[in-house]
Amino acid sequence: MLKFDFSNTLKENVTGGIKREEINSYENKINDILSLIDKERPGFVNIVFNRKWIDSVLDIKDFVHSFENLVVVGIGGSALGNIALQNTLRPSDWNYRSKEERNGFLRVFVIDNVDPDFVASVLDRIDIRKTLFNVISKSGSTAEAMANYLIIRGLLESYGLKPNKHIIFTTDPEKGVLRKIATSENIRTLDIPPEVGGRFSVLTCVGLVSAMAAGIDIEELYDGARTAYNRTIKESLWNNPGALIALIHYLHYLNGRNISVMMAYSNKLYYLADWYRQLWAESLGKAYSKDGKLINVGQTPVKALGAVDQHSQIQLYNEGPDDKIITFLKTEKFERDIKIPHVHNEESLNYLQGKYLSQLLNSELSGTESALAKNGRPSLKVIFPEINEFHVGEFFMYYELATAIAGELFNVNPYDQPGVELGKKITYALMGRPGFEKFNMKQDNQNG
Ligand SMILES: O=P(O)(O)OC[C@H]1O[C@](O)(CO)[C@@H](O)[C@@H]1O
């Protein structure tokens, strides 16, 4: 199981920490929240207790595996889970490996942004005839996903390839333009459960298709997620990582720590921090409380990579404003390791020669953690015994649950995102979409 270390968030170890008694005083409230969650079973929980989503993906397994490349087209919650799964559970050179080295599994690319240089570079790299595109959009209307869909569709047609042989849609079961096109053109579709928001959707078909395509064990992901759920619902507060993540972040926020840094000491785990950023930001950054009061709450999630950001951010974290709570992600087992050879008879290099890179990286984590603690700065640690499907499934569920619990503590609705709508409407107006003319308030500023 994933391991957690909350000791450096506590007053007894770190001057800026929280007192145990303060945490204990929330025990009843947390128990009430957990009972509510177990009673209501939010959509992101229900999916892992239902085989439907795994089965619907397995139904198209042969079709998916008849291709060499899978390109996911989507953005935000329709992309970040895919990116996290691929980068965490596949080696970083996966897409450069030969088919044999990939054991016949597909290369996976994700086109999220509408940066033309980026989109062109992905499309240049793949043989379109051997490529399946999974266009993912829950709403079926997001401008970036739709634009990139139209581009790949145009490309397929220019090659004389039938769209319904190269595209699948992952979208709402009823609503949206993708559903409409799918019905009229007989394009394969997978459903996103309407009650699961994009940032909570990684374990729906949204993340499962690309995972299966790359040979990731989707059953294990689910096992890990279910284990995390059961532990969160059953365990008492001090043995309950999901509840403690939420409560400790909330209490530190009340003490002025309005930034939540997730710092991974593993390039693979870094992509989980990217996924977490959307989850924590969109879910908890809200203007209004559930009872309609203007509160403007939210903790800004920041991602960082150890040891790289020790040489960029750590000065600030140690000595700058005391406004951060830091989460370290650590792995106890790297897939590979490299021994640093004895090359020089040189005193100042002897502490490195003969050691392993994993030892150096994890020592750097300990050094950073201890230095922060000495400076009174709180941190917690999530420890992966190894980076595998089970633990990644656990991680997703713990953080989704922590977000739901934090939503109750902050008294906000963690499942909506009204703040992204206005910008979307202005974009539609600038691009000339009928019905949005009145939002064209930025026209004068356009193009400088
Ligand atoms: O899956 P969709 O509907 O295209 O939405 C993509 C993303 O856009 C948002 O609605 C707003 O950024 C996110 O919540 C969502 O994950």
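These questions and answers walk through a predicted model, from its sheets to its ligand shell and loops.

Reader: In the open sheet with mixed pairing, what is the order of the five strands?
Author: This sheet is open and its pairing is mixed. β1 (3-5) and β10 (300-305) stand at the edges with a single partner strand each, so one side of each has no neighbour in the sheet. The twist from one strand to the next averages 20 degrees. The order is β1-β12-β11-β7-β10.

Reader: In β12, which residue is the bridge partner of Asp 5?
Author: β1 is joined to strand β12 (residues 379-384) by three bridges. The two strands run antiparallel. In β12, the partner of Asp 5 is Lys 381.

Reader: Which helix packs on the sheet, touching β11 and β12?
Author: The helix spans residues 357-374. Its direction makes about 160 degrees with that of β11 (324-331). The helix is α16.

Reader: What is the strand order in the open sheet with parallel pairing?
Author: Five strands make up this sheet. β3 (107-111) and β6 (188-191) are the edge strands, and each pairs on one side only. Neighbouring strands are turned by 20 degrees against each other on average, direction ignored. The order is β3-β2-β4-β5-β6.

Reader: Which residue in β6 is the bridge partner of Thr 170?
Author: Strand β5 (residues 167-171) is joined to β6 by four bridges. These strands run parallel. In β6, Thr 170 has as its bridge partner Leu 190.

Reader: Are α6 and α11 roughly parallel or roughly antiparallel to each other?
Author: Helix α6 (residues 80-89) packs with helix α11 (residues 205-213) at an angle of about 30 degrees. Their axes are 8 Å apart. Angles under 35 degrees count as roughly parallel. Therefore α6 and α11 are roughly parallel.

Reader: Is the crossing of α6 and α11 left-handed or right-handed, and which residues make the contact?
Author: The crossing is right-handed. From α6, the contact uses Gly 81, Asn 82, Leu 85 and Gln 86. From α11 come Val 206, Gly 207, Ser 210 and Ala 211.

Reader: How do the residues of the contact of α6 with α11 divide into nonpolar, polar and charged?
Author: Leu 85 of α6 and Val 206 of α11 are among the contact residues, and Leu and Val count as nonpolar. Gly counts as polar, and Gly 81 and Gly 207 take part in the contact. The division is three nonpolar, five polar and no charged.

Reader: How many residues surround the ligand, and how do they divide into nonpolar, polar and charged?
Author: 14 residues surround the ligand. The closest are Gly 76, Gly 77, Ser 139, Thr 142 and Gly 198. The shell divides into three nonpolar, eight polar and three charged.

Reader: Which residue takes a positive phi in the hairpin of β8 and β9?
Author: Two bridges join strand β8 (residues 286-288) to strand β9 (residues 294-297), and the strands run antiparallel. Tyr 288 stands opposite Leu 294 in β9. Five residues lie between the strands. The residue with phi near 85 degrees is Gly 292.

Reader: Which residue other than glycine has a positive phi near 55 degrees?
Author: The residue sits in the loop between α10 (177-185) and β6. The residue is Asn 186.

Reader: Which two residues does a cis peptide bond join?
Author: Omega of this bond is about 5 degrees. Ala 307 lies in the loop between β10 and α15 (314-319). The bond joins Gly 306 and Ala 307.

Key: Residues numbered from 1 in each chain as written. Predicted model: local features only at pLDDT ≥ 70, side-chain atom pairs only at ≥ 80, totals over all residues. Pairing = 2+ DSSP bridges. Axes fitted to C-alpha atoms, helices over the stretch in contact; angles between N-to-C directions. Contact = placed C-beta atoms within 7 Å. Near = placed C-beta within 6 Å. Parallel < 35°, antiparallel > 145°, perpendicular 65-115°, else oblique. Left-handed = near helix turned anticlockwise from the far one by under 90°.
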